[in-house]
Structures are given as structure tokens and as C-alpha cells.
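Here are some notes to go with the model you asked about. Keep the structure open while you read, and find each residue as it comes up.

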Amino acid sequence: ESISIISEIGDEQAKLDTYWRYGSFIGIYKEWEQSKKFLEEGLKIARKRGDPWMVLRYKNNLAWSAVNQRKPELIEDQIESNIDEALRLGNSYDIIDAYHVSADVAFLKKNFQLAVHNYIKAMKSALSLGSDLQVAVILHSLAQSEAGWGRHEKGLLLYGAANAKLQALEAVIPDFDTVVGRIESTIGISQEFLGPEKSKSLDIQGRQMGFTAAIEYAFEVEKD
């Protein structure tokens, strides 16, 4: 309805705000072509208006949409430039997004070691904002990457810690196909490798270790 009204009145600022939200939302639900249409149109408007913040946010959201389609090849040539631009502009939210997307792309390509390193960079930016929710969401993905990397025990410990914090915050990781598939192909494999008893023990340990201790452990990349 908003888009229909905005199209009638031709308000570019309204288009810039609404296309960004709508294009991102439908990208989550795998409507890639429609998502791309609105995000690319908004990107043109942002560039025309000389708004570097919105240019970056549109580029980041195009990247998110591609990740949700499991098509990193559509945007991986933009990843490094998005990170560079986010660091140049200096907004922590954009830095988090840029590193998070880069980690997701690495995850999709099964480069789990790189995914871990980039999730850590995203997490450090989230910590600078004091956002426990963002940190917990990133830790959840980092745990999957550790498991995918073959560091089964660390992956399950951090997964338990992330879930404990998300539950304490009354937050829920959405059960999109992409998310469920990620968990099954990493955490699920680790649980199968270690067996039900050991997996349950590690989950309990992770939930009891405390959020701060879990973050410190996650940052110790050399420890498996």
C-alpha cells in the first residue's frame, strides 16, 4: 500500500525509505527478482541524491537478499568494497552488516574458517554498541561455523551459550529454510559425530558457561 501511494505522489525520499524496507523483507522470503527490483531502484535513487549512507545500506541489503537465496555469486564481488565503505563511513550498524554478510557468504562457500573470523569482527562491532541481541545472533552463526569447520565441541558449546542468551532475551531465530539448513549441516553433523550424550552435555555446559565467558572463548580462535 505504501509503495502504491508513493508511486502516485513521486516522493523520492519516501521511495528511498520504503524500497529499502520492502525489498529487504521480501528478499527474506525468497522473492529474489522482486527484491532485487526494489533494492536496485532504491540504490539508483540513493546514488542520484548523493546519499552514501543509503547507498551502502542498499548494497548491504542486496547482499542479504542474495545470501537468503543461497546465491553468493551474485554479490561476492561487492563484499570487500562494502566493508571498506562501512569502515570509511564509520557507522557501527553498517560495519556489523558488512562483516556479517561477508561471513555468511564465506559460510555458504564452506570456508568456515573465514566465516569465523568475519563473524568475530561483526561481533566486536556489535559489542561496541552494547547490543546483546546482535551479539547473540552473531554468536549463533559463529557456533555453526565452528561446527562446520570440524571443531565440534566448541561449536556445540557456543551454540548452547547463544541459545541460552537468546532465550533470556525472549528472542527467536527464525525457522526459514536457509537457517534450518545451515543448522542441520553444521550443528546437526557435530551432534551426530559426538553422539547424543556428549552433545547434550556440551549444550548444558554452553548454557551454563555465561555469555561473557562464551564471547571470550569465541574470540580465542586458536582454541578448538
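The points below go through one helix, two asparagines, a surface patch and some salt bridges.

1. First, some ground rules. This is a predicted model, so local features need pLDDT of at least 70 and side-chain atom pairs count only at pLDDT 80 or more, while totals for chains, interfaces and linings use all residues. Residues are numbered from 1 along each chain as its sequence is written, and side-chain values use heavy atoms, with hydrogens and water left out.

2. Have a look at helix 5, residues 79-89. (Helices here are DSSP runs of H or I with at least four residues, numbered from the N terminus.) I79, N82, I83, A86 and L89 are buried in it; buried means under 20% relative accessible area, exposed means over 50%, and partly exposed is in between, using a 1.4 Å probe and protein chains only. Why do these residues sit on the same side of helix 5? They cover an arc of only 135° around the axis, where the arc is that of the directions from the helix axis to the C-beta atoms. It helps to remember that an α-helix has 3.6 residues a turn, so residues three or four places apart point the same way.

3. Now turn helix 5 around. E80, D84 and R88 are on the other side, and they are exposed. As for the buried residues, what covers them includes helix 4 (52-68) and helix 6 (92-108). Right after helix 5 comes G90, which has a positive phi, near 80°.

4. Next, find N61 in helix 4. Is N61 buried or exposed? With a relative accessible area of 9%, N61 is buried. Leaving out residues up to four places away in sequence, N61 touches W20, S24 and L39, where contact means heavy atoms within 4.5 Å. You can also check N61 against E73: they are twelve residues apart in sequence and 15 Å apart in space, C-alpha to C-alpha.

5. Another asparagine to look up is N163, found in helix 9 (residues 152-168). N163 has 14% relative accessibility and so counts as buried. Its contacts, again not counting residues up to four places away in sequence, are H140 and R207.

6. On the surface, F25, I28 and Y29 form a nonpolar patch with about 300 Å² of accessible area together. Such a patch is made of residues with over 30% relative accessible area and no salt bridge, with nonpolar side chains joined within 5 Å and like charges within 9 Å. The areas come from the Shrake-Rupley method with a 1.4 Å probe, and for residues only the protein chains shown count as cover. I28 lies in helix 2 (residues 12-28) and, at 31% relative accessibility, counts as partly exposed.

7. How many salt bridges are there? The count comes to nine, taking a salt bridge as a side-chain nitrogen of Lys or Arg within 4 Å of a carboxyl oxygen of Asp or Glu. One of them joins K198 and E153, at 4.0 Å from N to O. That pair links distant parts of the chain, with K198 in helix 11 (residues 196-208) and E153 in helix 9, 45 residues apart. K198 is partly exposed at 37%, and E153 is partly exposed at 39%.

8. Finally, E146, R151 and K154 are joined into one network by salt bridges that share partners. E146 meets R151 at 2.7 Å, N to O, and in its bridge with K154 the closest N and O atoms are 3.7 Å apart. E146 and R151 are both buried; E146 is at 0% relative accessibility, and K154 is buried with a relative accessible area of 0%.

Terms used: Helices (H or I, at least four residues) and strands (E, at least two) are DSSP runs, numbered from the N terminus.
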